Amino acid sequence: MANDAVEPAEPEEQRVDSTFRNGSITAIGVVVGFSLGFLSRWSALPGEWMHSDLVSVGFITLGLALQVKALADLLLVSSLQLKRYNRSIRFFLVGLTLVGTGVVFAVFADLFGFGGIVLQG
C-alpha cells in the first residue's frame with residue numbers, strides 16, 4: 001500500500017457566476033451602443049474631414065472593434081471560465097481606452113485649431 005501513489009486531483013477551473021457575467025454583458029453592451037452612436041453621428045456630419053479627424057476615427061474604430069470582440073466573447077458559454085472572462089474584460093478596457101483617447105484627441109485638436117468636423121454638430 002505504501003507504493004500506491006495518490007495522484008493529485010486536477011484543480012478545478014475557477015468560474016464566474018453567470019449572474020455576474022450577465023451584468024458585465026449588459027454594461028459592455030450599453031457602452032458599445034454609445035460608442036457606435038457617437039461614431040455614426042460623427043460620420044453623418046457635413047463638412048470636410050481633416051487629418052486629425054482621421055487619427056481620431058482610427059482610435060475610435062479600433063477601440064470599438066475591441067469592445068465588440070469583448071462583447072462577442074462574453075456571449076460564449078466558455079466565458080464563464082475566469083481566465084476567459086478576465087481576458088474579455090481586458091479587451092473591453094483597452095477598447096474603451098482607445099475610444100476615449102480618440103474622443104479626447106478630437107476635442108483637443110479642435111480646441112487648438114487642427115480639428116475638422118467633430119464639434120460642429
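This report describes the helices, the nonpolar core and a few individual residues of a predicted model.

## Overall makeup

The chain of this predicted model contains 3 helices and 0 strands, and, read from the N terminus, its elements follow the order α-α-α. Of its 121 residues, 31% count as buried.

Among the contacts in the chain with a separation of 6 or more, 75% are accounted for by residues that stand 24 or more positions apart.

## The nonpolar core

The largest nonpolar core holds 16 residues, and within this core Ile28, Leu39, Trp42 and Leu74 are the ones that touch the most other members. Each of the helices α1 (18–43), α2 (51–74) and α3 (82–111) supplies at least two residues of this core, with the largest share, 6 residues, coming from α2.

Leucine 39, one of the residues touching the most other core members, can also be followed through its individual partners. When its neighbours within four places in sequence are left aside, leucine 39 is in contact with Val57, Ile60, Thr61 and Leu64.

## How α1 meets α3

Two packed helices are described by the angle between their axes and by the distance between those axes. For α1 and α3, the axes come within 12 Å and cross at roughly 25°. Angles under 35 degrees count as roughly parallel, and α1 and α3 are therefore roughly parallel to each other. The crossing in which α1 passes α3 is left-handed.

On the α1 side, the contact is made by Phe20, Arg21, Ser24, Ile28, Val31, Ser35, Phe38 and Trp42, while α3 contributes Tyr85, Ile89, Phe92, Leu96, Val99, Val103 and Ala106. Sorted by character, the residues of the contact of α1 with α3 comprise 12 nonpolar, 2 polar and 1 charged. Ile28 and Trp42 appear in this contact and are also among the residues that touch the most other members of the largest nonpolar core.

## Serine 43

Is serine 43 buried, partly exposed or exposed? This serine lies in helix α1, and its relative accessible area is 45%. Buried means under 20% and exposed means over 50%, with partly exposed in between, so serine 43 is partly exposed.

Serine 43 can also be placed with respect to valine 57, from which it is 14 residues away in sequence and 9.1 Å away in space, taken from C-alpha to C-alpha. Val57 is, in turn, one of the residues in contact with leucine 39.

Terms used. Residues are numbered from 1 along each chain as its sequence is written. This is a predicted model: local features need pLDDT of at least 70, side-chain atom pairs count only at pLDDT 80 or more; totals for chains, interfaces and linings use all residues. Side-chain values use heavy atoms; hydrogens and water are left out. A nonpolar core is a set of buried Ala, Val, Leu, Ile, Met, Phe, Trp, Tyr and Cys residues joined through side-chain atoms within 4.5 Å. Buried means under 20% relative accessible area, exposed over 50%, partly exposed in between (1.4 Å probe, protein chains only). Helices (H or I, at least four residues) and strands (E, at least two) are DSSP runs, numbered from the N terminus. Contact means heavy atoms within 4.5 Å. Axes are lines fitted to C-alpha atoms, for helices over the stretch in contact, and angles run from 0 to 180 degrees between N-to-C directions. Angles under 35 degrees count as roughly parallel, over 145 as roughly antiparallel, 65 to 115 as roughly perpendicular and the rest as oblique. A crossing is left-handed if the near helix is turned anticlockwise from the far one by less than a right angle, and right-handed if clockwise. Ala, Val, Leu, Ile, Met, Phe, Trp, Tyr, Cys and Pro count as nonpolar, Asp, Glu, Lys and Arg as charged, and the others, Gly among them, as polar.
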